[in-house]
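Got your viewer open and a selection box ready? Let's take a walk through this one, stop by stop.

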Amino acid sequence: EIYTKQIQAEVDRMIAEYKERLKLKTQLEKLKETDFQLAMKDAENALIDGNFIMAKENFLAASSIKPGDPLPKAKIAEIDKKMAAAANTEDKYLSILATADQLYGTKKYTEAKAKYTEALALMPAEEYPQKQLAACDKAQAALLAAQKADVEKNQLDGKYKAELEKGDLEFAGKNYQNAKVSYQNAVALKPDETYPKERLTLIETRFVDLANADQKAKELAAI
């Protein structure tokens, strides 16, 4: 009977030990599952934020906790594919951007805008191409304004020169009234120029001289 009790006690001890081990195993499995789920959750959140590196690290951690689970491995493969595509997109973006900057530097604004737009289509969140598109519009507007001013200046210079030539020709032929009109037109075109004003002063002197000469002629004729 004593022997039977000893055997029973040993069996009870073994059963209790087994139960304790089973309990510990269950607790470890629960902790393992909790850690796995946390790692997966952190990985998914990082993936949503577009942080592929952080997402991959968390999926790797999840895979190390449960090596037999295929989901983390599939996610890692998906991330690797996305990262490769992103790297390829960035390479294209930088190449297009370099071409756009070169065109902008040579004042080929229309072509530069096309390239900046192409770069923006690849990476819409980037601010630089948007900034450069605005810079192109501003530079184009300034260039057009300068070109318009040049055209207007050339037209003004042409009209001014023509009036001076006409005035000088009339003056040389002693057609002072016609010369006066031309010089007045020249002053109206370019008020700051001194030459036509000087000629107008000279014409007024000639008018006075002519008037004096005419008066003397009349006086002599009356004698």
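What follows is a tour of selections to make, with a short note on what you'll find at each stop. One thing to keep in mind as you click: this is a predicted model.

**Stop 1: salt bridges between helices**

How many salt bridges does the structure hold? The count comes to 11. Start by selecting Lys75 and Glu44, a salt bridge whose closest N and O atoms are 3.4 Å apart. Lys75 sits in helix 3 and Glu44 in helix 1 (residues 2-48), so this pair ties together parts that are 31 residues apart in sequence. Is Lys75 buried or exposed? Lys75 is buried, at 18% relative accessible area, because the cut-off for buried is under 20%. Its partner Glu44 is partly exposed, with 28%.

Next, pick Glu204 and Lys180, whose side chains meet in a salt bridge at 3.1 Å, N to O. Here helix 7 supplies Glu204 and helix 6 supplies Lys180, so parts 24 residues apart in sequence are tied together. Glu204 counts as partly exposed, at 35% relative accessibility.

**Stop 2: a helix-to-loop link and a network**

Now select Asp157 and Lys190: their side chains form a salt bridge, 2.5 Å from N to O. This pair links distant parts of the chain, with Asp157 in helix 5 and Lys190 in the loop between helix 6 and helix 7 (195-222), 33 residues apart. Asp157 is partly exposed, with a relative accessible area of 22%.

Then add Glu33, Lys66 and Asp69 to your view, and you'll have a network of linked salt bridges.

**Stop 3: aromatic rings**

Time to switch to rings. The whole structure contains 5 aromatic pairs. One of them is Tyr104 with Tyr109, an edge-to-face pair with centres 5.6 Å apart and 65 degrees between the planes. Tyr104 is partly exposed at 26%, while Tyr109 is buried at 11%.

Move on to Tyr116 and Tyr128. The ring centres are 6.3 Å apart and the planes are at 80 degrees, so this pair is edge-to-face; the angle that counts for that label is over 60 degrees. With Tyr116 in helix 4 and Tyr128 in helix 5, the pair ties together parts that are 12 residues apart in sequence. Look at the surface around each ring: Tyr116 is buried, with a relative accessible area of 0%, whereas Tyr128 is partly exposed at 33%.

Before leaving the rings, select Phe171, Tyr176 and Phe207, which form one aromatic cluster.

**Stop 4: two lysines with positive phi**

Where is Lys107 found? Look in the loop between helix 3 (70-105) and helix 4 (109-122). Lys107 isn't a glycine, yet its phi is positive, about 65 degrees. Lys107 is also exposed, with a relative accessible area of 57%.

Jump to Lys174, in the loop between helix 5 and helix 6 (176-189). Lys174 is another residue other than glycine with a positive phi, near 60 degrees. Lys174 is exposed too, with 61% relative accessible area.

**Stop 5: a charged patch**

For the last stop, show the surface and select Glu90, Asp91, Glu126 and Glu127. These residues gather in a patch of negative charge on the surface. Zoom in on Glu127, which belongs to helix 5 (residues 127-172). Glu127 is exposed, with a relative accessible area of 65%.

How values were computed
Residues are numbered from 1 along each chain as its sequence is written. This is a predicted model: local features need pLDDT of at least 70, side-chain atom pairs count only at pLDDT 80 or more; totals for chains, interfaces and linings use all residues. Side-chain values use heavy atoms; hydrogens and water are left out. Patches are made of residues with over 30% relative accessible area and no salt bridge: like charges are joined within 9 Å, nonpolar side chains (Val, Leu, Ile, Met, Phe, Trp, Tyr) within 5 Å. Accessible areas come from the Shrake-Rupley method with a 1.4 Å probe; for residues, only the protein chains shown count as cover. A salt bridge is a side-chain nitrogen of Lys or Arg within 4 Å of a carboxyl oxygen of Asp or Glu. Lys and Arg count as positive and Asp and Glu as negative; His and the chain ends are not counted. The place of a charge is taken as NZ of Lys, CZ of Arg, CG of Asp or CD of Glu. Helices (H or I, at least four residues) and strands (E, at least two) are DSSP runs, numbered from the N terminus. Buried means under 20% relative accessible area, exposed over 50%, partly exposed in between (1.4 Å probe, protein chains only). Rings of Phe, Tyr and Trp (its six-membered ring) pair if their centres lie within 6.5 Å; planes under 30 degrees apart count as stacked, over 60 as edge-to-face and the rest as tilted.
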